[in-house]
Every structure is written in C-alpha cells, then in structure tokens.
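Q: I would like a close look at a single part of this model, explained with care for someone in the first year of study.

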Amino acid sequence: MSGLVMPAPKADVLARRARIIADLRAIVPGEGVIDTEAEMRPFESDGVTAYRQLPLVVVLPSTTEQVSKVLAYANANGIPVVPRGAGTSLSGGALPLEDGILLGMGKFNRILDIDFANRTVVAQPGVTNLGITTAVAHEGFYYAPDPSSQIACTIGGNVGENSGGVHCLKYGLTTNNVLGVEMVLITGEIIRLGGKHLDSGGLDLLGLIVGSEGLLGVVTEVTVRILKKPETARAVLLGFPSSEAAGACVAAIIAAGIIPGGMEMMDKMMVHAAEAFLGAGYPLDVEALLIVELDGPEAEVNHLIDRVAEIGNGLGCMTLRASTSEEERVAFWAGRKAAFPAVGRISPDYLCMDGTIPRKALPLVLKRMEEMSEKYGLRCGNVFHAGDGNLHPLICYDANTPGELEKAEAFGADILLLCVEVGGVLTGEHGVGVEKRDLMPSMFNEIDLAHQERLKCAFDPEALLNPGKVFPVLHRCAELGRMHVSGGKLPFPDLPRF
Amino acid sequence: MSERLCPRDEADVVEAVRWAVSNARTLDVAGSGSKARLGRPLQTDATLELKGLSGVTLYEPEELVLSARAGTPVAEIEALVAASRQMLAFEPMDFGPLLGVAPGGGTLGGLIACNLAGPRRPSAGAARDHALGIRAVSGRAEAFKAGGRVVKNVTGYDLPRGLSGSYGTLAAFTELTIKVLPRPETVETLLVLGLDDAAASAVMSAAVGSYYDVSGAAHLPAEVAATIPAIAGAGAAVTALRLEGVQPSILHRRGKLEAMLRAHGTLSFLDADASRDFWQAVRDVTPFALPEGGDGETAKVVWRVSVAPMAGPHVGAALREIGARCLYDWAGGLVWIEMPGTEPHSARVRAAVAGAGGGHATLIRASAAARAAEEVFQPLDPITGALIARMKNGFDPGRVLSPGRMYAGV
C-alpha cells in the first residue's frame, strides 16, 4: 500500500477479537461469520487492488434484523463497520479496516417486487445492477444507470456510490432513478425513506443517502424506477483531426438541442489500443473518435442521426459512419467497452482516474495531461463521457518497477487537481473512498468539510461507519458541535430597513 | 410586524445570521416572500429577505449550466434560457395562483428550497435532480459550498440535493448552480375523453409505460376540466398525454398512441399553443386557484399528495366522498385535492394516503390557525424525526433559521 494513512486500529477492539467473533456468531449463525485468514482473504480489497487490508472479521447477514443487531452491537462496543456490496469500488470505498467488521451484503440477493403498472422494482441491495434489467426485460423495461461493472456491481453499492454509466446525460445517475430505501442506522434503528411515490414532500434525506459511500447507514432494500427500453438505438462514429474539433462537435450537438443517449470520446492512443485488441473497425488516422448514440422512437432517431451527421460534416470530421443495423451499433460500442482490457494488453498495470470537467476545458486539460505524461514518463490514454464532461484517463505503469505505482498515483493526483483548477470536480462517478480522500481540501475548505461532517454526526456520532473514507480528517462530533459566534451589532446598519 | 433584513451579498447574510445567533433572535428565511403562506406559520423576530442577492452569474448554454444568486427571479432565468432555446426541464410550478399572490414572483433559492416540480417530473425529475451546486449560510453564521458546476459529481455528500426541500430551515442559500436542458422544438397533446379516474389511471400507465416518450400525463375529472379554457369545450373528463420533441417524432408517436388508445374513449387533440396553455394550467393547478389578493384564511383547503401512480384514484375516491375535487398529474401519482371548505380533514387525508400504499401529503392552502394546529408536512416516524432534529443541531444549533417552518421545534 502506498502512502495511505488509515485511522489507527483500536487496540481494545483487536484485543477482544475472539469475544467479538463469538458474539457476532450468536447474531448471524453458521457460515455468516468468517474469521480465518484464508477465508477472509477474498475480502481484503475491492476494485482498487493497490490497497489491501484483512478485516477483523467478515459478517454476511441475510436479514434486515441481523444487520440491525450487528450494527447495534458494533455501536455499543465501539467497533468500526465497513459495508460492502460486490466489492467493485474503484475508489477503495470497501477497503476493510484491521479493527473493523466487514459487512458483506451479498446474501441480500432477491428481487422483492416488480410492478410494471407503477414502473418500479423493489430489490435487496445485493442484487446486481444488470440483474434488475434482466428481471424486467421480458416486458421491454430496463434500469437506466449502467456502470461498466453492471454485470457484477450491486444496486446497494450503486446507492452508496451514486453510480453513473454512459447514459447519464439523458437518463441520470443512480440518484435520479432511486425512489426509496430501507436503511439501518448505526444504532440498529431501521428507517424507510421514499417508496413507489416521487419526492419526499420535505427534506430530501434519500438524496443525501445516495452517494454517501457507506458512511451514513446500511441500505437493506432499494426501490428503483424502471423505464421502457427505447424502441430504436443507432450510433454514429465520427473521427476528427483534433480533440478540439471533436469537442466542438459535442458542444454543437448539445447547442442544437440534441441530448444523445450516449456520447463518448476516445483519444488516439485508446482508438489504437481498442483496434489492436479486437478490431472494432475504428479509423486509425484520427486524433479523436466520437461515438454518438441516439435512442427513442425510430422516426426521431433517424431524423436526429441526419442532424448529427450534418453537424459533424460542418466541423470537419474525417470519417463518419452511421450504424444501419443492431450488429453494427454493437460493434461501434465494442471497442469503447473493451477500452480498459485493451489497455491491460499494452501495459502490465493501469490506474483509472475519474474527474469531471466543464467540457469546454477539454483541449486545455488534454494538453496539460500530455505534458504531465512526459514529466512522469508514463503513458496515458483517455476515454471521456463527452456529454457530461466525465474524464477517465488511464495511466499505464508497471507495478514490478519499484516506484512506478507511486509515480502513477502522483500523476493521477495531478490530473484531478487540474480538473478542480478548471472548474471541475475530483470524481464524477467512482467516489472519493480512500483514493481521493486526501485531495478533498483542493475542492472544499475547512468550513465546507465541517458542514458535510456534521451531517455524518447526525447519523453516526461515533464515526463507526466506514471511517477513514471520504474525509481526510474525521473531527470529533463534540468539537464540530460547538459554536463560536459573537458580535451583537445589528447587521449592516447602513442599509434601509422596513 | 417583524423587521426586514435585506442583505446585498453573502457577507451581509453571514452578518445577519451572526446577529441573530448572538442575540437569540429568529429569522424567517425568504426570497421574495411569494411562498410565505406555505408551511407552518412562523413567528420570527426578523425576515431575512434574500431578493437583493440577484443576478445570473454564469450561463453557458453548451455546457447546460447556469448559476445565479439566490434571489434571482425564476421568471428572469426562464426568459434568459428560453432565448437560447433551453429550459428548466423540471418545469417548476408557480404557487402564486394557488396561494392568491401575484404569479411569477418566485426566486431561484425558493425554487430549490421547496423542491418545486411540474408535470414533467416523472420523466425529467424535480428541482432536486437539477441542483448541481450551492453556496449557503448555515445557522452557524458560516458560508459554505457544496457540489459543483458539472452534472456528474460524486465528490462528498450531495448537499445540493439534501438541502432541496429544506424550506430554509438548515441554511439560507446565497447562490445556486443548476442544470438546464434544451427546449423541445414543439409539443402536442393527445386527449382521451370521458374516462373515470380508475380507467384514466390505467390509460396513463399504459401510455407512460409505452415506447412513445410521454412527457406529461394528467387526468381532470369533468368538473375540474370545465375550468380550464383549453379543454372546457370537451364537456367531459379529460385525460391528457403530452408529446414533445421534433415534429417527425411527435407525428409517429401520436399515431402509435392513437392506435393504442382508440378503444378506450373518444380521442381529441391540442396543438402546440393550446398544449402550452393547458400544461401551464395543470402545473399551477389553476382549477383550484385563489384570485390574486384572495383571502387564504377563508379559502377552500388544498392538499398536495404524492403516491404510487396507480394509487392516485384510491386517494381521490376516499376524499371525493366528502365533496373534495381532485386533479391528477404525474400519471396519477400527484393528486391535488381541493376540500369543500376550510376544514383540512387531516386525519382523513392521511388515512387515504396510508390506505393507498403510502406516500406523502402536504397541507398547501389553509388558514394560519390550521397550519399551526395540524402537521403541514407528512408526519415523521420518531426515528427519522430525531435524525432530522440532529441535522438541525448540526446546521442551526441556535434554531435561528425559520424554526418550526416544517416541524415544531426544528
């Protein structure tokens, strides 16, 4: 593990390990409590394999009541808890703690209710993202957010991370598609927020829960909205001589009032990597490739495809191909979807970054990244959710070369700081976790962070849920609760009053 | 009458809250005051009137983003984005007509603080879904920010969303950044006439669950439909399905929907202009409007109920028994209820919502006495209530920001 400092394990918790395991076995019987090193090993990291840590114990509850009892026990005994779905986090959100219970939600794997008339599905948190779509596909419905890990990642994890995907610009992120949750607080208390209806009528607690990275509670049930799958989808490939020209095309499409179902950009290195990997038929002479997908009723899609082609031609695109069959559309996407494994083929290891920028800053950001690439002596390719400005630079390195991981991490941090500098943010869809935790002060000052932490204090005053994630320093809630306000004067006395 | 504090910038807002905190005074956090009659009545020492913090600070149509100070009139923002053929896609309703105040008075801060939405809510989201970033002053007299200016952002807790619907009880917004979207090129509305509430609910469900991108689905029983000029001529209950987008697409979808729904009732149709008038009337619930300057104290009570779409008619049926009138939006999931008189019948409304599978009911228009005596917002279970009180402790420990506007003591 490189340079990451986690909260110091509590010696008293470590010393009581045997007792804690016995107590947990009384709550979750049988195979639901895992305490041998060999069996805990698969849980030692999530999608960020550079960070590893064996937990104190792994608990796999299968009922909400068990979750409630485990959390109440942890709360009463001062034991940290790290919730985990499928462990696909790309920010280390499910990294275990040496003194912490790793609470795996994999046994919550049932779909509880499918309601086509109200267009909702109620699922347990361990159901996979794709599992929801599969369950409703026979009626032509689907669940819209589609993170690239959708075959494995769980809906509970999606709620924790506010996961995105390639269709976010048109269909929203997890937060725009979740209608309700059942959640257990660290006290063991169970609350229900939302349901099959829209909005809360008051404070939007559900909106706070989504994307809270397991720091506020453990979700035990999720209600999502499902949508009718678009009647038709067609994609256009547009190749450009420069990333500026491709960026201008993206801006022009949106300025023309078109919101594509997906709009992805790949740079030259990624186009070549994808082509070498599976021969997607991408043009190799372009500096930037756009995939623009239009979906909806057939008449609309055909009409808009023509408009996009017109816009592309007007902006000097070198190649333009519109899919004429479903096979061809899938082939256009195949290269993009294989971008990560394709890089895995040309480099032993890579770091996948996840910043968002105002789209207009793209040429500047790409240029600065090239300079960084030279400075660090590491190659870097780019795939870009162009519609919403979400950038995924892939930094190539070799973990077997001493010091190269640290160099790649420094390069990655520089990219994220650049994203913030141009008006963007540290993470668009992967979460802060441990990976971007120490960069938070680049975006937020102490007062901003203190207000976020006070929210944490309302839910979890002893900071037992997923400590060491998201916040660079967790202040004690008592300290955050004090108020230092003085000054008894009437405000701005020079103003007229009524 | 309580004092009005009229800050000019964020520093003034900090100063005003500092004064309130150190002198144990309370503030009614307001924009222009257009929604002063919403929520539990306040008795504060002063009104913090944010309308002086006005003006759009950033608008980049190609980036689909707009920032403005909290007191900027919504009407100004809508006119500005319309000039670039864009819109606030969540179609924020204007409470003016229902509350008997001049229309068009709302501010951007109020729009987010009350999480407004309109008929496009099921497909496009509410204000919460378009709030990207905020600057605000908490009850600690501290200015803070959260979120950002890009649509895809998971950096830290989603406070812009969490504070939407907080009615000024946790923080006073000073500047907000929202997502804007292209305006549809044109609009048409397909009408199905003469359906009862349950049949309308089934038709709306089928239409919204079809391939044909219905961006509004409302049902108006005959006595309610008769009050909207665009459809009064129908002389029957009206179930309306909105189609928006490019003309070739609308033609195609309308044809498909007509074929699908012909067997259910007489079909009719509204062109673009009539559609715009009609959906604005639905958005602002004009059938239950109070004349401008009308007395909210003696007006008929109005409730706003959100339930699962198919459950809307169950709520309607339970309340029409006592002479209430209903207007259904959101494919049946949003039920506007006008009571026969000034009595809220809270227990009956809440039982109807619970009996329909749950949701929430908000007492929108009622006398100040009724809004003080009854729960205005959906009552909280004790655990959630305690959680919200702890959030209030975190953000406003001195209880200076609109205390009690939503819940007693918070």
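Which residues in α10(A) are buried?

A: This is a predicted model, in which local features need pLDDT of at least 70 and side-chain atom pairs count only at pLDDT 80 or more, while totals for chains, interfaces and linings use all residues. Residues are numbered from 1 along each chain as its sequence is written, chains are lettered from A and ligands numbered from 1 in the order in which they are written, and side-chain values use heavy atoms, with hydrogens and water left out.

In α10(A), the buried residues are Ser243(A), Ala245(A), Ala246(A), Cys249(A), Val250(A), Ala251(A), Ile253(A) and Ile254(A), where buried means under 20% relative accessible area, exposed over 50% and partly exposed in between (1.4 Å probe, protein chains only). Helices (H or I, at least four residues) and strands (E, at least two) are DSSP runs, numbered from the N terminus. Helix α10 of chain A has 13 residues, 243–255, which at 1.5 Å a residue should span 18 Å, and its end C-alpha atoms are 18 Å apart, so the two values agree; the expected span is 1.5 Å times one less than the number of residues. After α10(A) comes Gly257(A), whose phi is positive, near 85°.

For the wider setting, chain A is divided into domain 1 (111–228), domain 2 (232–340) and domain 3 (347–431), with bounds that come from an automatic or database domain assignment. The centres of domain 1 of chain A and domain 3 of chain A, taken over C-alpha atoms, are separated by 29 Å.
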